[in-house]
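Student: Can we walk through this one together? I'd like to go over cavities, rings, odd backbone angles and a few contacts.

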Amino acid sequence: MDQYVYDFAEGNKDMKDLLGGKGANLAEMTNLGLPVPAGFTITSEACKRYLAQGTHVDGLDEEIDQHLAALEDAMGRKLGDPADPLLVSVRSGAKFSMPGMMETVLNVGLNDESVDGLSRQAGGNDRFAWDSYRRLIQMFGKTVCDVPGEEFEDALHQAKVAKGVKDDVQLDADDLRALVSAYKKVFAKHVGHDFPQDPRHQLDLAIEAVFRSWNADRAVLYRRQERIPADLGTAVNVVAMVFGNLGPDSGTGVAFTRDPATGESGIYGDYLQNAQGEDVVAGIRNTLPLADLEKIDKKSYDELLSIMATLEGHYHDLCDIEFTIERGKLWMLQTRVGKRTAAAAFTIAAQLVDEGMIDLDEAVTRVSGAQLAQLMFPRFDLAGDPSPLTRGVGASPGAAAGEVVFTSADAVARAGEGKNVILVRRETNPDDLPGMIAAQAILTSRGGKTSHAAVVARGMGKTCVCGADELEVGRDQFTVGGRVVHEGDVISVDGTTGRVYLGEVPVRPSEVVQYFEGDLDPALANEPLVAAVHLLMTHADEKARLKVRTNADTGADAARARRFGAHGIGLCRTEHMFLGDRRELVERLILAHNPTERNDALAALQPLQRADFLDIFREMNGLPVTVRLIDPPLHEFLPSLEDLAVQVAVAKERGEDSPRDERMLAAVRRMHEQNPMLGLRGVRLGLVIPGLFAMQVRAIAEAAVALAAEGGRPRPEIMVPLVGAVQELETVRAEAEKIIAEVVGDSGVEVLIGTMIEVPRAALTAGQIAEAAEFFSFGTNDLTQMAWGFSRDDVEGAFFWRYLELGIFGISPFESIDRDGVGRLVRIAAEEGRAARPGLKLGVCGEHGGDPESVHFFHEVGLDYVSCSPFRVPVARLEAGRAAIESVGSDHR
């Protein structure tokens, strides 16, 4: 029989699949001898069974009864005892941290009778007891019974107005007793019955509510955003309540063993006196810095620092800790490996290497290409010394400017119109997640580095400033010292310094980009972040098996990519060389009436192409350059059919002669295709237009010979696009080899000839094609398009949003490789191609070459290189190193 419930002493930190992150770490702290309240965890398997059946799980009640009895024995109190009640918290805890996305209910077990017993238990503290009861009704009502939270908040607001106070801590016992009555009326109005008085029934309903919250809209949206699998389920933790709202000698807080924004060592966190844990992360009151706890309660402060050191030493990482102090007694409520900004991730990984806690392999796996990409974004240029409008807590770094919006819905709507927006709130809550995703930055007037806004923003790499308490936030405007900022006004938010500026502040390059470019100010070379990036990138390069090339069509792009660490060019698109002033030559080619006119046009294009290739070969001297022969249909270089038809018709109406336009219109009509991406393009074009590919091959070979004559080392590779049958490649190759032999002579230049695998048939007949190809480069953009039957130019805006919403896609298949479909085609082609030609070189040059997750797949399949845009080269380099390290680790396991 399955075991669905585990006492904390039965688990450990490696049981996250079953106990969730929170339960596994509560078990680990219990076994370390740290002060953890007694409790038990209901497994994620029970959640999955409940969600599958839609009803209670057989045998679960009996297990809960057994573990609840053990909890009651440990605490010396019973759930529902009117004289001396045991209260418990019911909290979610998935394998991967999902801050605020699922449900929590505190003070479960309290009712009309036991509230007096709780008061006596607290030494006659009526205020504490009634405050705990109103919190239970509020959380239970909203979480378990879907009572609108705004109605509870309105009732609390009215109580504060009636009392003439600003904070709930200023309400006395009588005020809170009246508030409980108001809350009960709100509950009964929406639910149709009174608030449940049976403590065991409360517990069952709370547990089921946490199970259901796994599929709540905000939880589903967060999982998609963070790429968390949907089938994991959540565990449920039932923990004996300890109370931080017993008076000034009690409180609650969140601490980090290092700064989650920068990675610096120190004392970081927030503390609230006379409060329960949810008050801190909800940001409903501005907190005190954790360092202030030393003055308030030095004994608890010293014990907390000791525990923090123990946990960081045990986990070998930044730890995020939730704690409560109950009348001078410190209790640990949670620990986890803390979410951090990209800068902090690199800095902490390097620090832990220096401190001997982890090795370089482990350090590289703790950072990601996505984080590195964040570090390469620009920052505000404050050379003009703009005056800040206000300042808060820099909770998640970055520089962002946009129009002010005040609701999640408005953020989504305006972002959908293509506008940059800044979401401004008093404090965020989990329902704001869609707007937080849509916004460029989040600004709140309440909360600190551990508030909901801060934690979620850091996880998403989103700029965030919290606790800007000068802000008076209204429905469609906020004010700062009498200055009014309306909805739609532009502000700039600096998540590093916490400063907020009116208007749009210009930006400057990041130090990380300057480091890669080689033009970093020497004074910054030893800055912790730059030093960390250098250390980890150097090690990633040493470990990587996959090489990283770039997609570049000009010498300038090639030069930049080489500075960024590219090992060559994996895709040089020759069609980009036919644009601009050269369109006229292409038009001459298309309008040619006979072979002489066509050859004249090709002869005029050849020296231009040769010069382009020579420029690129020089920049990549000694490194391979894969040149793709012209790929798109020729009519893409001509005027649109509609525009040209109108132009000719107007000329005729006016009685004007336009022979050239009429010839052009006839050519455009002749070449027009309903679906040009599946028509006359790529190798088909080269076979139909005599001399076109020959001109390009000759230009490539001549450029290579010219560089060799200068003393350089050209390594050209000619790639034939859109091949679907080996006969196509054989025909082009035969002509190309003759030209190359004629041009190269005894210069020593070697030219490889290969093909782009972008047609599904090519992947499925790779063994045949490999007999005529020295290399394959997977064009995963077209391969995805043809495998799915999607027109890439049309579908993303047309229906992908709905597919993502329904969970059909976790992410667009054009963004990250579809392992099961397109990925299988890549694997088949790689295996069968190498079986036919063991030395076959394999690479990828589609957009997936710069996608971190896809890079790991390409390593796994055994490709030799990935190719991506110059800016993504460092990202791919890091992921290539991570893939190599992680594959060795999995082999050893």
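**Working through the model**

Tutor: Let's begin with a loop residue: at 42% relative accessibility, Arg327 counts as partly exposed. Keep in mind that this is a predicted model.

Student: Where does Arg327 sit, exactly?

Tutor: Arg327 is in the loop between β11 (319–326) and β12 (329–337).

Student: And what's its phi like?

Tutor: Arg327 has a positive phi of about 50°, although it is not a glycine. Asn107 is also not a glycine, and its phi is positive too, about 65°.

Student: Which element holds Asn107?

Tutor: Asn107 belongs to strand β6 (residues 104–108).

Student: Is Asn107 buried or exposed?

Tutor: Asn107 is buried, with a relative accessible area of 0%.

Student: OK, switching to cavities. How many are there of 30 Å³ or more?

Tutor: The count comes to three cavities of 30 Å³ or more. Let's take the second largest cavity, which holds about 40 Å³ of space.

Student: Which residues line the second largest cavity?

Tutor: The lining is made of Met75, Arg77, Pro85, Leu86, Leu87, Leu118, Gln121, Met241 and Phe243. Two elements, β4 (85–86) and α4 (114–121), each give two or more residues to that lining.

Student: How does the lining of the second largest cavity divide into nonpolar, polar and charged?

Tutor: The lining of the second largest cavity has seven nonpolar residues, one polar and one charged.

Student: Now rings. How many aromatic pairs does the structure hold?

Tutor: There are 20 aromatic pairs in the structure. One to look at is Phe152 with Tyr183: the ring centres are 4.9 Å apart and the planes are at 70°, so the pair is edge-to-face.

Student: What does the pair of Phe152 and Tyr183 tie together?

Tutor: Phe152 lies in helix α6 (residues 149–163) and Tyr183 in helix α7 (residues 173–191), so the pair ties together parts that are 31 residues apart in sequence. Both Phe152 and Tyr183 are buried.

Student: Got a stacked aromatic pair to go with that?

Tutor: Take Phe613 and Phe617, which are stacked at 6.4 Å centre to centre with 20° between the planes. Both of them lie in helix α23 (residues 595–619), four residues apart, about one turn of the helix.

Student: Are Phe613 and Phe617 buried or exposed?

Tutor: Phe613 is buried, and Phe617 is buried as well.

Student: Which residues form an aromatic cluster?

Tutor: Trp130, Tyr133, Phe140, Phe187 and Phe195 form one aromatic cluster.

Student: What about charges over rings? Where does the charged end of Lys329 sit?

Tutor: The charged end of Lys329 sits over the ring of Trp331, 5.0 Å from the ring's centre. There's also Arg549, which lies over the face of Tyr865 at 3.8 Å from the ring centre.

Student: Let's do a helix next. Which residues of α16 are buried?

Tutor: In helix α16 (residues 408–416), the buried residues are Ser408, Ala411 and Arg414.

Student: How do the buried residues of α16 fall when seen down the axis?

Tutor: Down the axis of α16, its buried residues fall within an arc of 135°, so they line one face of the helix. Ala409 and Gly416 are exposed on the other side of α16.

Student: Last topic, contacts across the sequence. How far apart are Lys95 and Gly20, C-alpha atom to C-alpha atom?

Tutor: The C-alpha atoms of Lys95 and Gly20 are separated by 4.1 Å, with their positions 75 residues apart along the chain. Lys95 is in the loop between β5 (88–94) and β6, and at 30% relative accessibility Lys95 counts as partly exposed.

Student: And how far apart are Arg610 and Met695?

Tutor: Arg610 and Met695 are 85 residues apart in sequence and 9.6 Å apart in space, C-alpha to C-alpha. Arg610 is found in helix α23 and is partly exposed, with a relative accessible area of 29%.

Student: One more: where is Glu879?

Tutor: Glu879 is in helix α35 (residues 873–892). Glu879 is buried, with a relative accessible area of 1%. The C-alpha atoms of Glu879 and Val855, 24 residues apart along the chain, are separated by 6.4 Å.

Note on methods. Residues numbered from 1 in each chain as written. Predicted model: local features only at pLDDT ≥ 70, side-chain atom pairs only at ≥ 80, totals over all residues. Heavy atoms only, no water. 1 Å grid on protein atoms, 1.4 Å probe; cavity = no way out; pocket = protein on both sides within 12 Å on 5 of 7 lines; lining within 4 Å. Points joined across faces, edges and corners; volume = space filled by probe spheres on them. Nonpolar A, V, L, I, M, F, W, Y, C, P; charged D, E, K, R; others polar. Phe/Tyr/Trp six-rings, centres within 6.5 Å; stacked < 30°, edge-to-face > 60°. Buried < 20%, exposed > 50% of the residue type's maximum accessible area, 1.4 Å probe, protein only. Lys NZ or Arg CZ within 6 Å of the ring centre and 35° of its normal. Arc of directions from axis to C-beta.
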